[in-house]
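Work through the exercises below with the sequence and the 3D view side by side. Try each task before reading its solution.

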Amino acid sequence: MREYKIAAIPGDGIGTEVISAGVTVLNKLASLQGGFKLSFEHFPWSSDYFLEHGHYIPEGGLEKLKQFDAIFFGAVGSTKVADHISLWGLRLPIAQGFDQYANVRPARVLPGVKSPLRNGTAETLDWVIIRENSEGEYSGHGGRAHRGLPIETATEVSIFTRAGVERIHRFAFKLAQSRPRKHLTLVTKSNAQRFGMVLWDEVFYEVAKEFPDVKTDRELVDAVTTRMVLKPQTLDVIVATNLHADILSDLAAALSGSLGIGPTANLNPERSFPSMFEPIHGSAFDIMGKGVANPIATFWTASMMLEHLGEAEAGRKLMVAIEKTTEAGVFTPDLGGNATTADVTNAVCRFLES
Ligand code: NAI
Ligand code: MG
C-alpha cells in the first residue's frame, strides 16, 4: 500500500471549511480506489494562532513540513491582522522557503457552469496560467525611510534573476508541450519596464529554441486582459511574472464562473521540497462561517495533488466526479445555486462511488 503524508494547513476563514471538505473527499477517494492511503496531519497555524503565540509558523515548523509528501493549504487572512503580516507570516515563507517557483493555475469552464463571457464555454476557455512564484515583484525587497515624516519614502524592488526566469520559462514550455494545442503566450510589460521585463522576453526566446514544436506569441499584460475576455479561444498556456499572473489568474477564475473554482499548485518541480496545493481564493470574510463556500477549487487542487504524488488515475477520477457534480447543477451561491459546502461535498462523494 502506497502511503502519502499530507500536511493540512486550513488557515483562516473559509480555508478551514474547504480543507475539511477536501479531506473528506480525498479520504473517500482513497478508500474506494485502494492501492494508496493518505495520512493527514493538521497544523493549526492561522491568524488566531498568531494572535495567541506571536507567530504563524513556530520554531522548527518548516523543518517539520519538509518531511511531508505534500501540503494541502486553505487560505490565510483575517480582519484582525494586516494582510501583509498574514501573507508573509504563513503562505510566502512556505512557497518561497520551499522554492515552489512554479505556480500552476488551470482555468476551464466546467460542465454546467455559466461563464460571464458570452462566448465562454469549455471549448473556448481552457487555459493554464503559469506564475513565477519565487521572485519578481514579490521578492520582499525594499524598505521605508523617513517614517511618518512628510518626506516619507518607500521602495518595492522587483528582482528578476536569469536563473529564475529561465526555469519558469522552461517549465511553461514543457507544460505547453504536453497539451494538445502546444501554444504558449508570453505576458510581460516590456515596453514600460525596460530591465526585468526585457530580460523575461529575451530569456523566453532563448528557451523557445529548445521547444520547436511549441507555438509562441507575446502580449503586454494590459492587452492580454482584453484577449482573455474577447478571444478566450486564442489562449492556451500563459506564462507571466508573480504579480501579473496573480492578477490574471483571479480574472481567469472569474471568467470560468467563480473565484470559488480556481485551483493552484505551488510546485517545486525538482522535488527537493514538498509542493503546496491550495485554492486561489482567500479567506472570504463575507461568507465565512456560513457553510456556503464553494469547495470545487479545493477539490480541483486535490486532484492536482494526487497527480503530483503519482496517483494520476485517482486524480482523474476525482476530476470526473467534480465535473459530474457541476453538470448536475449542484452549485453554491457564487455559481447561482443554493447548495451548501456539505451538499457539494456529498455530491462529489456520491459520484466517486458510482
Ligand atoms: P477572497 O478570495 O477571500 O474573496 C473575494 C470574493 O470572492 C469574496 O466575495 C468571496 O466571498 C468570494 N469567494 C472567494 N472564495 C470563494 C469560494 N470558495 N466560494 C464562494 N465565494 C468565494 O479575497 P479577498 O476578499 O480579497 O481577501 C480576503 C482575505 O483573504 C484577505 O485577508 C486576503 O489577504 C486573503 N487572501 C489570502 C489568499 C491566500 O491565502 N492564498 C489569497 C487571496 C486573499
Ligand atoms: Mg491572488
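**Exercise 1. The ligand shell**

How do the residues of the shell around ligand 1 divide into nonpolar, polar and charged? Then find the closest residues and the polar contacts.

*Solution.* Note at the outset that the model is predicted.

Step 1. Sort the shell by residue class. The shell holds 10 nonpolar, seven polar and five charged residues.

Step 2. Look at the ligand's surroundings. Ligand 1 is surrounded by 22 residues. The closest are Asp83, Gly282, Ala284, Asp286 and Asn294.

Step 3. Check the polar atoms. The side chain of His281 has an N or O atom 3.2 Å from a nitrogen atom of ligand 1. A polar backbone atom of Gly282 is 2.7 Å from an oxygen atom of the ligand. For Ala284, a polar backbone atom is 2.8 Å from a ligand oxygen atom.

Step 4. Work out the cover. Ligand 1 taken alone exposes 800 Å², and the protein buries 72% of that.

Step 5. Assign the shell to elements. Strand E3 (70–75) and helix H4 (83–97) are the elements that give two or more residues to it.

**Exercise 2. The whole chain**

What radius of gyration would a compact globule with 354 residues have, and what does the protein chain have?

*Solution.* Step 1. Count the elements. The chain has 11 helices and 12 strands.

Step 2. Apply the globule rule. For 354 residues it gives a radius of gyration near 20 Å. The chain has 20 Å, so the value agrees with a compact globule.

Step 3. Add the box. Along the principal axes, the C-alpha atoms fill roughly 55 × 50 × 40 Å.

Step 4. Add burial. Of the 354 residues, 53% count as buried.

**Exercise 3. Helix H6**

What should the 13 residues of helix H6 span, and how far apart are its end C-alpha atoms?

*Solution.* Step 1. Take 1.5 Å a residue, multiplied by one less than the number of residues. For residues 196–208 the expected span is 18 Å.

Step 2. Compare. The end C-alpha atoms of H6 are 18 Å apart, which agrees.

Step 3. List the buried positions. They are Gly196, Met197, Leu199, Trp200, Asp201, Val203, Phe204, Val207 and Ala208.

Step 4. Recall the helix repeat. An α-helix has 3.6 residues a turn, so residues three or four places apart point the same way. Read the list of buried positions in H6 with that in mind.

Step 5. Take one residue from the list. Asp201 has a relative accessible area of 9%; the cut-off for buried is under 20%, so Asp201 is buried. Asp201 and Lys28 are 173 residues apart in sequence, and their C-alpha atoms are 45 Å apart in space.

**Exercise 4. Positive phi**

Where does Asp99 lie, and where is His146 found?

*Solution.* Step 1. Recall the rule. Most residues other than glycine have a negative phi.

Step 2. Inspect Asp99. Its phi is positive, about 50°, although Asp99 is not a glycine. Asp99 lies in the loop between H4 and strand E4 (102–108). With a relative accessible area of 24%, Asp99 is partly exposed.

Step 3. Inspect His146. Its phi is also positive, near 55°. His146 sits in the loop between strand E6 (136–145) and strand E7 (153–159). Its relative accessibility is 39%, so His146 counts as partly exposed.

**Exercise 5. Side-chain contacts**

Which side chain makes a polar contact with the side chain of Thr264, and which one reaches the backbone nitrogen of Asp48?

*Solution.* Step 1. Start in strand E4, where Arg105 lies. The side chain of Arg105 makes a polar contact with that of Thr264, at 2.7 Å. Arg105 is buried, with a relative accessible area of 5%.

Step 2. Move to the loop between strand E2 (36–42) and helix H2 (47–53), where Ser46 lies. The side chain of Ser46 reaches the backbone nitrogen of Asp48 at 3.4 Å. At 10% relative accessibility, Ser46 counts as buried.

**Exercise 6. Sequence against space**

How far apart in space are Ile19 and Glu278, and how far apart are His84 and Phe40?

*Solution.* Step 1. Place Ile19 in helix H1 (residues 14–33). Ile19 is buried, at 0% relative accessible area. Ile19 and Glu278 are 259 residues apart in sequence, yet 8.8 Å apart C-alpha to C-alpha.

Step 2. Place His84 in helix H4. His84 is exposed, at 54%. His84 and Phe40 are 44 residues apart in sequence and 28 Å apart C-alpha to C-alpha.

Terms used: Residues are numbered from 1 along each chain as its sequence is written. Chains are lettered from A and ligands numbered from 1 in the order in which they are written. This is a predicted model: local features need pLDDT of at least 70, side-chain atom pairs count only at pLDDT 80 or more; totals for chains, interfaces and linings use all residues. Side-chain values use heavy atoms; hydrogens and water are left out. Helices (H or I, at least four residues) and strands (E, at least two) are DSSP runs, numbered from the N terminus. Buried means under 20% relative accessible area, exposed over 50%, partly exposed in between (1.4 Å probe, protein chains only). A residue is near a molecule or strand if one of its heavy atoms lies within 4 Å of it. A polar contact is a pair of N or O atoms within 3.5 Å; within protein, one must be able to donate a hydrogen and the other to accept it, and residues adjacent in sequence count only if both atoms are side-chain atoms. Accessible areas come from the Shrake-Rupley method with a 1.4 Å probe; for residues, only the protein chains shown count as cover. Ala, Val, Leu, Ile, Met, Phe, Trp, Tyr, Cys and Pro count as nonpolar, Asp, Glu, Lys and Arg as charged, and the others, Gly among them, as polar. The radius of gyration is taken over C-alpha atoms; the globule rule is 2.2 Å times the number of residues to the power 0.38.
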